[in-house]
Structures are given as C-alpha cells and as structure tokens.
Amino acid sequence: MTVSERRGSARTAVVWDTLRPILDAPPLDVLDIGGGTGGFAVRVAQLGHRVTVVDPSPDALAALARRARELDVEVEGRQGDLGALGVEQGAVDLVLCHGVLEVVDDPAEAIATLGRVLRPGGRLSLLVGQRNASVVARAMAGHFAQALALLDDTSPSGRAGRRFTVAEATDLLADAAFRVDSVHGVRVFADLVPGSLLDLEPGAPAALAELEHAVAQRPDFLPLAAQLHLMATFDR
Ligand SMILES: C[S@@+](CC[C@H](N)C(=O)[O-])C[C@H]1O[C@@H](n2cnc3c(N)ncnc32)[C@H](O)[C@@H]1O
C-alpha cells in the first residue's frame, strides 16, 4: 500500500465502520449522489447492493465505470446533479452524500431533495467539511486573516467549498425531517500526520486508525475533525 493509500484508509475508516452494520443487510437500493469516481460506490456494490451514482462530471463517471469493470461489479452511473436527480421518489434505502453539500447552491434544498428519494425510514450518510478544523489549519499555516474570515463564513469558498459546524449540520437535517442517529468526527489526526511517519513506522497506520476510532464520537474532539459524518433517518 502506498502512503496516500494508507492515509486514505485512515481517513475513511470511521465512515466505513459506521456504515458497515447498515450494509450488512439484504441488498439495498443505494444512491451515491456526487459519488465521483466511485471510491465508496464500488465497495458498496461489492457487498451486494444495487448502487446508482449520480454525478455531473462525465470524467468522474468514466473513471467510475473503469473502476467497476476492473473489480467486476455493477454500478449504474448517471449524469445529473442534486437539482436534476432523475431518481424515482421514495425508491431508495440509503443515500450517500459525501463531500457534496460543500459545493451545492442551497444545502437546505439539497437535503430536502434527498429526503424525497428515500423510503420512509431510509437512511442518509452525510459527510461534510468541518469549519473549525479549517480555521485551525489556516492559522497553523500563518494565514491568520483567512482564518479569522472563515470563523463564521457559511458561504462556499475556495475549491473545498463551504464548511459546517456540528450545529449547522444537525440543524439542516432536523429542518428536513431527518432524525440524526449519530455524529462522528472524521480525520481528527489523519491530515496532521506526516506521510513519512505512516510509511516508515511499522504499525503506524493501524495505530492511527485505532486512535481515529477512539476519538470519533467524543464531543470534545468533534470541532477538531476535518470532516463530520452524520447518519440520519428520514422520519416522514
Ligand atoms: C469532493 S467530490 C466527492 C466524491 C465522492 N462522493 C467521495 O466522497 O469521494 C465532490 C463530487 O460532487 C460532484 N458534484 C458537484 N456538484 C454537484 C451537484 N450539484 N450535485 C451532485 N454532485 C455534485 C462532483 O462532480 C464530485 O464528483
């Protein structure tokens, strides 16, 4: 495994562990909105679920198709976006919305749209950038004015788009009739650790993943996490 793969698996381990009990079920209809090149979608399909990726990027969808072919799994890729999903209402058991709410025009409308495609009791896996960690990262890089400006900035800025606090993310879900089941902090340490350490220190990637798990649900650590992972149930 390369350094970036090691770092990548430490970054996503907490999300996978939360999703695993939900995916350990008879085949589900899964929508991965903004699923990109299919890093999650293909793994979910490998577990036997029916997965559709809707994404506006033809390049991402082509990479998804290649990845699925290489692993011999079926994933339906459709060009579209949150404004034009092309998915039947009330037809989906699980929606993955990872790294997308940051870039849409209207996050509240996006969440409401996702509620409409879910069956009653359907689940949403929402992964969003966390603002306080970005403030800290900017300050640590010496960009103090940027850090200050970001403190209360809910608008999209830069390539990463907008970020959310825990309260903002949970309020968005509650306002769209979702019940929040869990909130995990993701990448509390993974982005801060030098790649050379993960590469050279035997056992470091596994120890880092264990540490990420240990702090993921501790409220004190949530504001340090680069991302928040929220699981929510649509209570129609
Ligand atoms: C940061 S990537 C995340 C990819 C993937 N979900 C993941 O977690 O690896 C953001 C993805 O959202 C897609 N996207 C951008 N605007 C979108 C929109 N309005 N509706 C749906 N997807 C969108 C992009 O094409 C891109 O594939």
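User: What volume does the second largest pocket have?
Analyst: Keep in mind that this is a predicted model. Rolling a probe the size of a water molecule over the atoms shows where empty space is left. For the second largest pocket, the volume comes out at about 430 Å³.

User: Which helix gives the most to the lining of that second largest pocket?
Analyst: The lining counts 19 residues, and Ala133, Ser134, Arg187, Asp191 and Ala226 lie nearest the centre. By class, that's 10 nonpolar, four polar and five charged. The top contributor, with five residues spanning part of 131–140, is helix H5.

User: Where does the UniProt annotation "domain: Methyltransferase type" sit, and how far apart are the end C-alpha atoms of that stretch?
Analyst: The annotation comes from an unreviewed UniProt entry and covers residues 31–125. Over that stretch the chain is 35% helix and 31% strand. The end C-alpha atoms of residues 31–125 are apart by 10 Å.

User: Which residues are closest to the ligand?
Analyst: The ligand has 14 residues around it. Sorted by class, the shell holds six nonpolar, six polar and two charged residues. The closest are Gly34, Asp55, Asp81, Leu82 and His98.

User: How much of the ligand's accessible area does the protein cover?
Analyst: Start with the backbone contacts to ligand nitrogen: a backbone N or O atom of Gly34 is 2.7 Å from a nitrogen atom of the ligand, and for His98 the corresponding distance is 2.8 Å. Leu82 also has a polar backbone atom 3.0 Å from a ligand nitrogen. On its own the ligand has 600 Å² of accessible area, and the share the protein covers is 65%.

Conventions: Residues are numbered from 1 along each chain as its sequence is written. This is a predicted model: local features need pLDDT of at least 70, side-chain atom pairs count only at pLDDT 80 or more; totals for chains, interfaces and linings use all residues. Side-chain values use heavy atoms; hydrogens and water are left out. On a 1 Å grid over the protein atoms alone, a cavity is a set of points where a 1.4 Å probe fits but cannot get out, and a pocket is an open set with protein on both sides within 12 Å along at least five of seven lines; lining residues have an atom within 4 Å of a point. Grid points are joined across faces, edges and corners, and a volume is the space filled by probe spheres set on the points. Helices (H or I, at least four residues) and strands (E, at least two) are DSSP runs, numbered from the N terminus. Ala, Val, Leu, Ile, Met, Phe, Trp, Tyr, Cys and Pro count as nonpolar, Asp, Glu, Lys and Arg as charged, and the others, Gly among them, as polar. UniProt positions are given in the numbering used here, feature names are shortened, and annotations may be inferred rather than shown by experiment. A residue is near a molecule or strand if one of its heavy atoms lies within 4 Å of it. A polar contact is a pair of N or O atoms within 3.5 Å; within protein, one must be able to donate a hydrogen and the other to accept it, and residues adjacent in sequence count only if both atoms are side-chain atoms. Accessible areas come from the Shrake-Rupley method with a 1.4 Å probe; for residues, only the protein chains shown count as cover.
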